[in-house]
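Please find below my notes on the model, set out as numbered points. They are meant to be read with the sequence and the coordinates open alongside.

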Amino acid sequence: MTSDSLHLPSAARIVALHDGLFAITGWPLQQPAAADDGLWQWVQANHRFNSLLWAEEDLARRTTVADAEIAANKRAIDGYNQRRNDAIERIDETLLARLADVRPVDNAWHNSETAGAMIDRLSILSLKRFHMDAQTQRKDASDAHLATCREKLARLDVQRADLARCLETLLAASARGGAFWRIYRQFKMYNDPTLNPYLYANKT
């Protein structure tokens, strides 16, 4: 089978979606309808929660506000991170469902990183690139700062292109049975009131 016949996404389309969402007014607090209610819904949701997480991480580094505001940022970070990881698992579930009829060959490559995790990393690289590009356009920064940021932006472009190619390779190999991955689940213990000792201790 081929990636196209199994309706597997292209890395180029994922990258284009990530970058394109930044141009939408109100993103990420408001989001457009996803291209479908399956894979692309979860790719977009993952990117949205990464974007919200990025903003909260910036806010949590403030030193001129009350501690209560930083605590609120930390709680928001935990929530967005949980939802980000939930979306990664939904991406993997959707992709693996499309690959369900493909039997890996005996010597198939077992990829330690899931396709969903790679898509999540592409989202983060898109965010890094977006914010680094903004740094290259600052009018209040020195020439040295702008040059350094342009160099970092170029490195991010190489890194993202490499990762996109690796994702494309994994999906194509998986479609023909030459590779596979498994979902291991994130088991985020800090958000679970039955697993975080500081949460379940308060209930006894």
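1. Cysteine 149 has a relative accessibility of 5%, and it therefore counts as buried, the limit being under 20%. Cysteine 166, by contrast, comes out at 43%, so that it counts as partly exposed, a class that lies between the buried limit and the exposed limit of over 50%. The structure, which is a predicted model, holds zero disulfides.

2. As to the overall architecture, the protein comprises six helices and two strands, and these follow one another along the sequence in the pattern α-α-α-β-α-α-β-α. Taken along the principal axes, the box filled by the C-alpha atoms is roughly 60 × 60 × 30 Å. Of the contacts with a separation of 6 or more, 73% are between residues 24 or more positions apart.

3. Turning to burial and surface, the protein has 204 residues, of which 38% are buried. The area it exposes is about 12,000 Å², with carbon and sulfur atoms supplying 54% of that figure. The charges number 26 positive and 26 negative, and the mean positions of the two sets are 2 Å apart.

4. The largest nonpolar core has 30 residues, and within it Leu95 and Leu167 touch the most other members. Two or more residues of this core are given by each of α1 (11-21), α2 (39-60), α3 (67-98), α4 (115-136) and α5 (143-175), and the largest share, ten residues, comes from α5. There is also a second, separate core of eight residues, which includes Ala45, Leu52, Ala60 and Ala87.

5. Which residues does leucine 95 contact, once its neighbours within four places in sequence are left aside? The partners are Leu8, Pro9, Leu39, Ala115, Ile119, Leu171 and Trp181.

6. Histidine 18 deserves a separate look. This residue is placed in helix α1, and with a relative accessibility of 1% it counts as buried, because that value falls under the 20% limit. If residues up to four places away in sequence are not counted, histidine 18 touches Val43, His47, Ile119, Leu122, Ser123 and Ser126. Its C-alpha atom is also 8.3 Å from that of leucine 127, although the two residues are 109 apart in sequence.

7. Serine 126, one of the residues touched by histidine 18, is found in helix α4. Its relative accessibility is 1%, and serine 126 therefore counts as buried. Apart from neighbours within four places in sequence, serine 126 is in contact with His18, Asp19, Phe22, His47 and Arg160; His47 appears in the contact list of histidine 18 and in that of serine 126.

8. Two features of the backbone should be checked by eye. Most residues other than glycine have a negative phi, and most peptide bonds are trans. Tryptophan 27 and proline 28 are nevertheless joined by a cis peptide bond, with omega at about 5°, and proline 28 lies in the loop between α1 and α2. Histidine 7, which is not a glycine, has a positive phi of about 60°.

9. Is histidine 7 buried or exposed? It is found in the segment before α1, and at 58% relative accessibility it counts as exposed, since the value is over 50%. Histidine 18, by comparison, is buried at 1%.

Conventions:
Residues are numbered from 1 along each chain as its sequence is written. This is a predicted model: local features need pLDDT of at least 70, side-chain atom pairs count only at pLDDT 80 or more; totals for chains, interfaces and linings use all residues. Side-chain values use heavy atoms; hydrogens and water are left out. A disulfide is a pair of cysteine sulfur atoms within 2.5 Å. Buried means under 20% relative accessible area, exposed over 50%, partly exposed in between (1.4 Å probe, protein chains only). A nonpolar core is a set of buried Ala, Val, Leu, Ile, Met, Phe, Trp, Tyr and Cys residues joined through side-chain atoms within 4.5 Å. Helices (H or I, at least four residues) and strands (E, at least two) are DSSP runs, numbered from the N terminus. Contact means heavy atoms within 4.5 Å. Accessible areas come from the Shrake-Rupley method with a 1.4 Å probe; for residues, only the protein chains shown count as cover. Lys and Arg count as positive and Asp and Glu as negative; His and the chain ends are not counted. The place of a charge is taken as NZ of Lys, CZ of Arg, CG of Asp or CD of Glu.
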